[in-house]
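Got your viewer open? Let's take a tour together, one selection at a time.

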Amino acid sequence: MPVTMTLLHDGRVDEISVADLARPTIPPDQLESLLGWELKPEGLCQGYMCIPVDQDDLVGEDGLDLRVLADALQRPFVTDEKHAVASLGASHHDRGEALASLDAPNFTLPDLGGNLHSLSDERGKKVLLVAYASW
Amino acid sequence: MYEELADEGFTVITVGIERSPDDARPWIEKARPQHPSLIDIEHLVPDLYGMINVPTVVWIDEEGRIARPNDASFASNRFKLLTGLDSKRHLRRLRAWVRGEAPALTPSEVRKHQDLPTAADQEARAEFTLAWWLSREGHDDDAEPHYVRAGELAPHDITIRRGSMRTRGLNPMGLAFLKLAIKSVLTRNPLYRPLKDSP
């Protein structure tokens, strides 16, 4: 009997249907719409870039194993079975590479009025980015 | 600072790392800033920039390139005694950079000063995201082990540890923070990490 699991990833909240909460899977054909990767004979692909992966390990009877996928992409994957929720984080490799490229990572966030602003809106200006908190 | 330099092709973007917009509202309404004042309840900016405490400042040039990486600097010297950080030095450098009187850092200097996230840092952030979601869904008790795990994975990540205190029923200005601060001294894991030997 499949159960619904909440998948937190890339700032998104998606619901997936899984057979086993201890080993969450998704249908292979949802890989692209959910996570932006494609499974091809050469491995996991995004555009022209492919990462080799043991496909027998990755795809089983229940579908594509998210834990194996996360390992292949070097992304952390943690779950809470009681509340059927999983969190797929960003890879330190991707984050590190992006920062070392010195291109300031773009982001879009709301102000108090709910209006969205992006860092890229300020292109052409020097920007002092200040992260602060009330705590 | 913003008013002084706004005509010189400069802006400030503040990002409040908060539980909800209401936590930041009194601050923002009091300051009435003319620049973007954003709210980041998902800790997106700390994740993207590898920030482990606040305040953290980053300089970004006209082309969107990082001109000076994560640095700890307050807007005033109110906490100087506690933090050992002199905000005046930072403001002086910033002013000179904006006015084109002095360069920021060279790309190789920026890279040298970057502290890139580790696998454990990112796993801590994934645990925190999970805990945060559970808290907001009303499952504080079940969120707790995930907050604890996040703290074990990245004990230096104050954004996670102190930022989650209120949600966890702890006082970020009280004993819980004092313990964190004392431990950071004992383990030589400083709470604030200003750029080392920066020019």
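Start by selecting A:Leu128 and showing what surrounds it. Leaving out residues up to four places away in sequence, A:Leu128 touches B:Val12, B:Val57, B:Trp59 and B:Leu94. One thing to keep in mind as you click around: this is a predicted model.

Now widen the selection to the core around that residue. The largest nonpolar core has 37 residues, and A:Leu128, A:Leu129, B:Val15 and B:Ile60 are the ones that touch the most other members. Colour strand E13 of chain A, residues 126–132, because E13(A) gives this core its largest share, 5 residues. Then switch to chain B, where the elements that each supply at least two residues include strand E1 (10–16), strand E4 (66–71) and helix H5 (87–98). Here's the general background: in soluble globular proteins, nonpolar side chains tend to be buried together.

There's a second core to find, apart from that one. It has 36 residues, and you can pick it up by selecting A:Val18, A:Val53, A:Leu73 and B:Ala131, which are among them.

Next, hide chain B and look at chain A by itself. Its secondary structure comes to 4 helices and 13 strands. Is chain A more spread out than a compact globule, or less? Its radius of gyration is 18 Å, well over the 14 Å that the globule rule gives for 135 residues, so chain A is more spread out than a compact globule. Turn it along its principal axes and the C-alpha atoms fill a box of roughly 55 × 35 × 25 Å. Of the 135 residues in chain A, 36% are buried.

Staying in chain A, select strands E3, E8 and E7. These 3 strands form an open sheet in the order E3-E8-E7, with antiparallel pairing. Which strands stand at the edges? They are E3 (25–26) and E7 (59–60), each with a single partner strand, so one side of each is left without a neighbour in the sheet. Zoom in on E3(A) and E8 (residues 63–65): 2 bridges join them. You'll see A:Thr25 standing opposite A:Asp65 in E8(A).

Time for some backbone oddities. Most residues other than glycine have a negative phi, and most peptide bonds are trans. With that in mind, go to A:Ala84, which has a positive phi of about 50° although it is not a glycine. A:Ala84 is in the loop between strand E9 (77–80) and strand E10 (85–88) of chain A, and with 17 C-beta neighbours inside 10 Å it counts as partly exposed.

Bring chain B back and select B:Arg32. Its phi is positive too, near 40°, and B:Arg32 is in the loop between helix H2 (21–31) and strand E2 (37–39) of chain B. Is B:Arg32 buried or exposed? With 7 C-beta neighbours inside 10 Å, B:Arg32 counts as exposed.

Then hop to B:Pro55, in the loop between helix H3 (44–49) and strand E3 (56–60) of chain B. The peptide bond from B:Val54 to B:Pro55 is cis, with omega near -5°.

Last stop: helix H10 of chain B, residues 175–186. At 1.5 Å a residue, its 12 residues should span 16 Å, and the end C-alpha atoms are 16 Å apart, which agrees. The number of buried residues in H10(B) is 0, so the helix lies largely in the open. After H10(B) comes B:Arg188, with a positive phi near 50°.

Notes: Residues are numbered from 1 along each chain as its sequence is written. Chains are lettered from A and ligands numbered from 1 in the order in which they are written. This is a predicted model: local features need pLDDT of at least 70, side-chain atom pairs count only at pLDDT 80 or more; totals for chains, interfaces and linings use all residues. The radius of gyration is taken over C-alpha atoms; the globule rule is 2.2 Å times the number of residues to the power 0.38. A residue is buried if 20 or more other C-beta atoms lie within 10 Å of its own, exposed if 12 or fewer, and partly exposed in between; C-beta atoms are placed from the backbone. Two strands pair if DSSP finds at least two bridges between them. The expected span of a helix is 1.5 Å times one less than its number of residues. A nonpolar core is a set of buried Ala, Val, Leu, Ile, Met, Phe, Trp, Tyr and Cys residues joined through C-beta atoms within 7 Å. Two residues are in contact if their C-beta atoms, placed from the backbone, lie within 7 Å.
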